Amino acid sequence: MSNDNEVLLDKGKQHDTKLKVERKEGEPTAAFKGASWAALLVGITSYLIGLYNATMQLNEKGYYFAVLVFGLYSAVSLQKAVRDKEEGIPVTNIYYGISWFALIVSISLMAIGLYNAGSIVLSEKGFYGMSFVLSLFAAITVQKNIRDTQRARERD
């Protein structure tokens, strides 16, 4: 009878280890990865829903959409360039400088566009600004998580 209990205990131990996925050293937690992706999706989705429902002209909507895409790309590009330099991976000064320039330009375009937008009320301007910043930050974090996860798995 005690033999049957030991087998049941062993099966229980095996079942528990199958459910738990071992995290590699340096890999972000699943909660942090999930929160980063959720922030990115919430930021981009809310921004796009706001644009879709806005009463501005189509060319204005296109401007704000292009600024969002440009900002996301430039933020991820800059994060990669900074990380590459820190890890000793060669990055040309021109690429590094362009990455910084592109991010500064995208943020400036958003700020200038919102400042000069007469058809947008102040609360909407704040909404666009906050969802833009949330999206940029989340894009950087998601890219960092992907890179950290890849690097942690390559070590093994």
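The legends below describe close-up views of a predicted model.

Residues are numbered from 1 along each chain as its sequence is written. Local features need pLDDT of at least 70, side-chain atom pairs count only at pLDDT 80 or more, and totals for chains, interfaces and linings use all residues, while side-chain values use heavy atoms and leave out hydrogens and water.

**View 1. The whole chain is built from five helices and zero strands.**
Along the sequence the pattern reads α-α-α-α-α. Helices (H or I, at least four residues) and strands (E, at least two) are DSSP runs, numbered from the N terminus. Of the 156 residues, 33% count as buried. Buried means under 20% relative accessible area, exposed means over 50%, and partly exposed lies in between (1.4 Å probe, protein chains only). Contact means heavy atoms within 4.5 Å. Among contacts between residues at least 6 apart in sequence, 75% join residues at least 24 apart.

**View 2. Helix 3 packs against helix 5.**
Two packed helices are described by the angle between their axes and the distance between the axes. Axes are lines fitted to C-alpha atoms, for helices over the stretch in contact; angles run from 0 to 180 degrees between N-to-C directions. Helix 3 spans residues 58-86, and helix 5 spans residues 122-155. Their axes lie 9 Å apart, at an angle of about 40°. Helix 3 is therefore oblique to helix 5. Angles under 35 degrees count as roughly parallel, over 145 as roughly antiparallel, 65 to 115 as roughly perpendicular, and the rest as oblique. The crossing of helix 3 and helix 5 is right-handed. A crossing is left-handed if the near helix is turned anticlockwise from the far one by less than a right angle, and right-handed if clockwise. On the helix 3 side, the contact residues include Val 67, Leu 68, Gly 71 and Leu 72. On the helix 5 side, they include Phe 132, Ser 135, Leu 136 and Ala 139. By class, the residues of this contact divide into nine nonpolar, four polar and six charged. Ala, Val, Leu, Ile, Met, Phe, Trp, Tyr, Cys and Pro count as nonpolar, Asp, Glu, Lys and Arg as charged, and the others, Gly among them, as polar.

**View 3. Asp 84 of helix 3 makes a polar contact with Arg 147.**
The two side chains come to 2.4 Å. A polar contact is a pair of N or O atoms within 3.5 Å; within protein, one must be able to donate a hydrogen and the other to accept it, and residues adjacent in sequence count only if both atoms are side-chain atoms. Asp 84 counts as buried because its relative accessibility is 7%. Leaving aside neighbours within four places in sequence, Asp 84 is in contact with Ile 89, Val 91 and Arg 147. Asp 84 and Arg 147 are also among the residues where helix 3 meets helix 5.

**View 4. Helix 4 runs roughly antiparallel to helix 5.**
Helix 4 covers residues 93-116. The two axes come within 10 Å and cross at roughly 165°. This crossing is right-handed. Helix 4 contributes Leu 103, Ser 106, Ile 107, Met 110, Leu 114 and Tyr 115 to the contact. Helix 5 contributes Lys 125, Tyr 128, Gly 129, Phe 132 and Leu 136. By class, that gives eight nonpolar, two polar and one charged residues.

**View 5. Phe 132 and Met 110 are in contact.**
Phe 132 is in helix 5 and Met 110 is in helix 4. Phe 132 counts as buried because its relative accessibility is 2%. Met 110 counts as buried because its relative accessibility is 3%. Beyond four places in sequence, Phe 132 also touches Tyr 47, Val 67, Leu 68, Gly 71, Ser 106 and Ile 107. Met 110, on that basis, contacts Tyr 47, Tyr 63, Tyr 64 and Val 67 as well as Phe 132. The C-alpha atoms of Phe 132 and Ile 107 are separated by 8.8 Å, with their places 25 residues apart along the chain. For Met 110 and Val 67, 43 residues apart along the chain, the C-alpha separation is 6.5 Å.

**View 6. Ile 44 sits in helix 2 and touches Ser 135.**
Helix 2 spans residues 30-53. The axes of helix 2 and helix 5 come within 8 Å and cross at roughly 145°. Helix 2 passes helix 5 in a left-handed crossing. Their contact has 16 nonpolar, nine polar and one charged residues. Ile 44 is partly exposed, with a relative accessible area of 23%. Leu 72 is another residue that Ile 44 touches, not counting residues up to four places away in sequence. The C-alpha atoms of Ile 44 and Ala 138, 94 residues apart along the chain, are separated by 9.6 Å.
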